[in-house]
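Please open the model in your viewer and keep the selection panel at hand. The stops below are arranged so that each selection leads on to the next.

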Amino acid sequence: MEANTTIETQMNYAKESPLFYKVFTLAGIGIFLDAADVYMASAINTAMMNDKFATVAQGSMFLSAGFLGLFVGSLLAGYIGDFYGRRRSYQFNLLLFGVFTFISAFMPSVTWMIICRFFAAVGLGAEIVTGYAVVNEFAPVNRRGFWSGMIAIVANAGAPITLLVATFMVPNVGWRSMFIVMGIAAIILWFARHNFPESPRWLIARGREKEAQAIVDQLNVNGMYDITEKNEDERRVKVSFGRGVFVASVAVGAALLCQYTFTSWVPTLLVRRGISIFSSIGFSAVMMLGAPIGATIGTVLVERTGRKKLIVTTFLATAILGIAYAYETTTVGTIINGMLLTTTFYILMASVISVYTNELFETKYRFRGAGIANAVAKLLNVLMPTVVAFLITQVSPSAIFYGIAGMAVIAAAVVGFFGPETTAKEIK
């Protein structure tokens, strides 16, 4: 036990090393692809319907297939990561995603594309679970919020970059080209991650101290941050698995459901307002500049304000902006309000998804907890495209934004009343 404590202490306070930067970079690129894929699907879905390759109903099925695949992939990643190792979760997911994304470019019908979309998303489902949790486990405790937030910035730069690329590629080269670019990028990253290290925290939990020590020695090449008794005493927090799953599922579910609903359908909503497909994707790209801005704000504030205060406040701001967007009538106002709304989404990504969720669970079931929370969100998103398509065609697009506001208020209440404060806390 003493050896375990020694190894954990070394890892908790190890200064950033070349191995840590390697883990951060490889995990960050993977989550970048995860974020980029959502916006790729949004742009492609809009283009397919505009080209009459798919109806609104088929487009919603295309998006739903992706979320269903992410649901399956998130659950698998959670259990594989906890029982067989973090590294194992990373072995095949990107290859599966890359191959099925690439061949989607050559599918002759939307039915075959929906099938490929499902299997590609199963592979990608591990990324958001594994990437954020791995950085959380490798980062120094004193700097955990900062590095978890930084990876959210890297990941969510995929939003504006992907839509900017789509703005030029979809009209000029065709929407199928997006599948080719994304598939090749995923396969290249799969090769680069062949020597990805196992998490020492997982090895310690499995009683494999010798293997853990060898990796921790590499993490300690630049020395350690100062350790004080006060720091150690303040870093303990106990959260039951059930409570953690409840809070994480509601917070992650609301954050991703609000974000995916808005980003997946905003180009289509703009087209229905009479804006051209080229301009709609371009306007969406401008709105998505709020992604890196929001992720940066979240990274800066998550340690300074505390997790709960930032998360609850941001969910409430999302509700207010969501209702305001429903009443926006001008193009300039739509873009500005959309950018502000996107900013709040990505403050939540940087605080809820990247940091808070993984801090709610102990090492032995961290991946399962995060996997279940993300799977719940993905399952809800399986149904959301059908709901949104119904609202667009049968009710009013404004109802979408009332729904976003309602989900945000519920999440704020759950985190506020049931969520523990985990800032600078260590969960064993």
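Throughout this tour, contact means heavy atoms within 4.5 Å. This is a predicted model, in which local features need pLDDT of at least 70 and side-chain atom pairs count only at pLDDT 80 or more, while totals for chains, interfaces and linings use all residues. Residues are numbered from 1 along each chain as its sequence is written, and side-chain values use heavy atoms, with hydrogens and water left out.

**The whole chain**

Begin with a cartoon of the protein chain, which shows 19 helices and 0 strands; helices (H or I, at least four residues) and strands (E, at least two) are DSSP runs, numbered from the N terminus. Of the 428 residues, 60% count as buried, where buried means under 20% relative accessible area, exposed over 50%, and partly exposed in between, with a 1.4 Å probe and protein chains only. Among the contacts with a separation of 6 or more, residues 24 or more positions apart account for 87%.

**Helices H2 and H3**

Select residues 18-50, which form helix H2. The 33 residues of H2 should span 48 Å at 1.5 Å a residue, and its end C-alpha atoms are 47 Å apart, which agrees; the expected span is 1.5 Å times one less than the number of residues. Because 26 of those 33 residues are buried, H2 is largely enclosed by the rest of the structure. Just after H2, look for Lys-52, which takes a positive phi of about 65°.

Next add helix H3, residues 56-84. Its 29 residues should span 42 Å at 1.5 Å a residue, in agreement with the 41 Å between its end C-alpha atoms. The axes of H2 and H3 come within 9 Å and cross at roughly 165°, which means that H2 is roughly antiparallel to H3. Axes here are lines fitted to C-alpha atoms, for helices over the stretch in contact, and angles run from 0 to 180 degrees between N-to-C directions; angles under 35 degrees count as roughly parallel, over 145 as roughly antiparallel, 65 to 115 as roughly perpendicular and the rest as oblique. To display the contact, show Asp-34, Ala-41, Ile-44, Asn-45, Met-48 and Met-49 of H2 together with Val-56, Gly-59, Ser-60, Phe-62, Leu-63 and Leu-70 of H3.

**Gly-81 and the end of H3**

Stay in H3 and centre the view on Gly-81, which counts as buried at 0% relative accessibility. Which residues is Gly-81 in contact with, leaving aside its neighbours within four places in sequence? They are Arg-86, Ser-89, Trp-202 and Phe-367. A distance label between the C-alpha atoms of Gly-81 and Arg-368 should read 7.6 Å, although the two residues are 287 residues apart along the chain. H3 is followed by Gly-85, whose phi is positive, near 115°.

From Gly-85, move to Glu-198, which touches Gly-85, Arg-86, Arg-87, Phe-138, Leu-203 and Ile-215, not counting residues up to four places away in sequence. Glu-198 lies in the loop between helix H9 (176-192) and helix H10 (200-205), and at 12% relative accessibility Glu-198 counts as buried.

**H6 with H7 and H17**

Select helix H6 (residues 110-138) and helix H7 (residues 144-156), which pack at an angle of about 150° with their axes 9 Å apart, so H6 is roughly antiparallel to H7. On the H6 side the contact includes Gly-131, Tyr-132, Val-135 and Asn-136, and on the H7 side it includes Trp-147 and Ile-151.

Now exchange H7 for H17, whose axis is 9 Å from that of H6 at an angle of about 70°, which means that H6 is roughly perpendicular to H17. Asn-358 lies in H17 (residues 331-359) and, at 2% relative accessibility, counts as buried. Outside four places in sequence, Asn-358 touches Tyr-132, Ala-133, Asn-136, Ile-353, Arg-366 and Ala-370.

**The nonpolar core**

Finish with the largest nonpolar core, of 118 residues, where Phe-62, Tyr-132, Phe-262, Phe-315 and Ile-353 have the most contacts inside it. The largest share of this core, 17 residues, comes from H2. A nonpolar core is a set of buried Ala, Val, Leu, Ile, Met, Phe, Trp, Tyr and Cys residues joined through side-chain atoms within 4.5 Å. As a last selection, take Phe-315, which touches Ala-251, Ala-254, Ala-255, Leu-348, Val-352, Ala-408, Ala-411 and Ala-412, not counting residues up to four places away in sequence.
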